[in-house]
Amino acid sequence: MRVTGDRRKVAVVGGGVTGLTAAYYLQRSAKLNNLPVDVVLIESSLRLGGKIQTLRKDGFIVERGPESFLDYKNSVRDLARDLGIEQQMIPNNDGQTYVAVGSTLYPIPNLLTFGGALEVSSFITSGLFSLSGKLRAAGDLLLPKIKDEEDEPIGDFFRRRFGKEVVENLVEPLLAGTFAGDIDHLSIKSMFPQFYQLEKEHRSLILGLKKSGESFRNDHIERYQTFQNGLETLIESLASQLPSSSIYKGVKVESIDRLNDGTVQIFSNNIAPIKCDAVIMTTPFNAAKEVLDHSGLFDGLPKMKYATIATVTMAFKQGESKKYKDAMNFFVSRNSDFAITTCTWCNHKWNDVAPEGYDLMRVYIGRVGDEAIVELSDSDIEKNVLRDLEKAIGLKDAPLFTVVSRWKESMPQYTVGHDNRMEAMNQYLSTHFPNVKLVGSSYEGISVPDCVLQGKNIALELLNDLFEMQNA
């Protein structure tokens, strides 16, 4: 590999999983290829990891933020292998997924929660849908594909293919429990491009899912994964690979200026300006826009919408009831009178997250249009959750402890037109800030694997740009 140019400096803004991954691969690749580059990581808070936070308490493993991931492209596994922690990755246990409609829990085929093939027999016998709802859903086999290939809301897309009942009792609960979003505004093209493509290629989603199902099962992992001692294991391992002198915590970036020599200068709240050859920004889009918008050239792009949610984790002494011993989680239909949007039996889903004889329950509350509940006191949130758990699964016991974690404006909403807005943003950056890169959950996927992949790819791409690396 041939290198041209002098020593370079790259700043990574944001110490979540995207920023940590980018900083790690910048330093790792520079070392492997003997590249003269210095890397600094700037984080506005006093801790690293962003929304990934694991609380280890009295034999319980409590995830305050995300608790697992679907690693379709093996991006997390590749990172874990590079870090030497691949052997600590674990898959979830088998368990049944339910949807709460009214006050009743109905089982659904687990494969549907992974985007897999539709099991027609399970669909026909499911109590989730009326006979008329099932007949309407079968209409997908006959309906033509839409001629207009423009983006559309997820709700419109699935209502057009399967009808209102399937959307209300299956599609919306799964998405609200996962993304806390409004399906009448979220983009099908950005959030679920695989379904968008299935309609284009096969016309019928049912036929498309059937045809693609076998390759899906062969090519993709169909289990959630985490790490033995919690998801923050990944953060701790990444941070341990970075020199402490290269990490600035409690530093808020306020603006970035492009200098005449093509470099950029970073201005922050409490340290001297940092001159860099390139910057990787992994902050939410609205924060990045504020930092770069002093010139007014970002005015054409609106702010991004984010959902406000909270996770509530409760520990209980196990009772004698055998009901729902097979359950892994349940999602909640909007037709149900519940404050929660999803609930997971953590100790059913994972081994060793709770001591023997205890249940560890984790629920989400809050979604777009229902953020007020997150602002309640911890005790009021606990009361609402306990009321819902009693109504849904008959749980009447008091918890041993409750952990409430609020995430204000934390879930990016890829609304209709997201892809076009991101294209316009990248054009703006290439013209006015060619050495500033924006990646993270606001852009090309919100999951942990999506963020890891973005961080790695931008690090390697940037090093190629900076050093014009070629094969020797």
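Which residues form one aromatic cluster together with F157? Keep that in mind as you open the model, which is a predicted one. The answer comes at the third stop, once you have your bearings.

**Stop 1: the whole chain**

Start with everything shown as a cartoon. You are looking at 15 helices and 19 strands. The radius of gyration is 23 Å, close to the 23 Å that the globule rule gives for 472 residues, so the chain is as compact as a globular protein of that length. Turn the C-alpha trace along its principal axes and you will find that it spans about 70 × 55 × 40 Å.

Now switch on the surface. The accessible area comes to about 21000 Å², and 49% of it belongs to carbon and sulfur atoms. Of the 472 residues, 54% are buried. If you colour by charge, 53 positive and 61 negative side chains appear, and the centres of the two sets lie 1 Å apart. Contacts tell you about the fold too: among those between residues at least 6 apart in sequence, 74% join residues at least 24 apart.

**Stop 2: two tyrosines**

Next, select the aromatic side chains. The whole structure holds 14 aromatic pairs. One of them is Y98 with Y324, an edge-to-face pair with 5.6 Å from centre to centre and 90 degrees between the planes. This pair links distant parts of the chain: Y98 sits in strand β6 (residues 96-101), while Y324 is in the loop between β14 (306-317) and β15 (327-332), 226 residues away. Hide the surface to see them properly, as both Y98 and Y324 are buried.

**Stop 3: the phenylalanines**

Move on to F179 and F192. They make an aromatic pair as well, edge-to-face, with 6.0 Å between centres and 80 degrees between the planes. F179 lies in helix α6 (residues 164-179) and F192 in the loop between α7 (188-191) and α8 (193-202), so this pair ties together parts that are 13 residues apart in sequence. F179 has a relative accessible area of 17% and is buried; F192, at 14%, counts as buried too.

Here is the answer to the opening question: F157, F158, F162, F179, F192 and F195 form one aromatic cluster. Select these six together and centre the view on them.

**Stop 4: R160**

Now click on R160, which is in helix α5 (residues 154-162). Is R160 buried or partly exposed? At 22% relative accessibility, it counts as partly exposed. Leaving out neighbours within four places in sequence, show the residues in contact with R160: R136, L143, I146, E152 and E199. You can also draw a distance from R160 to K145, 15 residues away along the chain; their C-alpha atoms are separated by 9.6 Å.

**Stop 5: V99 in strand β6**

Return to strand β6 and select V99. With a relative accessibility of 0%, V99 counts as buried. Beyond residues up to four places away in sequence, V99 touches T104, L105, Y106, I108, L128, N169, L170, P173, F331 and S333. For a long line across the model, join V99 to L453: they are 354 residues apart in sequence and 31 Å apart in space, C-alpha to C-alpha.

**Stop 6: T341**

P173 can lead you onward, since its C-alpha lies 7.3 Å from that of T341, although the two are 168 residues apart in sequence. T341 belongs to strand β16 (residues 340-345), and at 2% relative accessibility it counts as buried. Setting aside neighbours within four places, T341 is in contact with A176, G177, F331, V332, Y364, I365, G366 and R367.

**Stop 7: helix α10**

Select residues 232-240, which make up helix α10. Which of its residues are buried? They are E232, T233, L234, I235, S237 and L238. To see what covers them, add elements including α1 (17-32), β3 (54-57), α2 (75-83), β8 (225-227) and α15 (448-467).

**Last stop: two backbone details**

Finish with the backbone itself. R203 lies in the loop between α8 and α9 (205-219), and has a positive phi of about 70 degrees although it is not a glycine. Its relative accessible area is 28%, so R203 is partly exposed. Then jump to E409 in strand β18 (residues 401-412). E409 is another residue other than glycine with a positive phi, near 45 degrees.

How values were computed. Residues are numbered from 1 along each chain as its sequence is written. Side-chain values use heavy atoms; hydrogens and water are left out. Helices (H or I, at least four residues) and strands (E, at least two) are DSSP runs, numbered from the N terminus. The radius of gyration is taken over C-alpha atoms; the globule rule is 2.2 Å times the number of residues to the power 0.38. Buried means under 20% relative accessible area, exposed over 50%, partly exposed in between (1.4 Å probe, protein chains only). Contact means heavy atoms within 4.5 Å. Accessible areas come from the Shrake-Rupley method with a 1.4 Å probe; for residues, only the protein chains shown count as cover. Lys and Arg count as positive and Asp and Glu as negative; His and the chain ends are not counted. The place of a charge is taken as NZ of Lys, CZ of Arg, CG of Asp or CD of Glu. Rings of Phe, Tyr and Trp (its six-membered ring) pair if their centres lie within 6.5 Å; planes under 30 degrees apart count as stacked, over 60 as edge-to-face and the rest as tilted.
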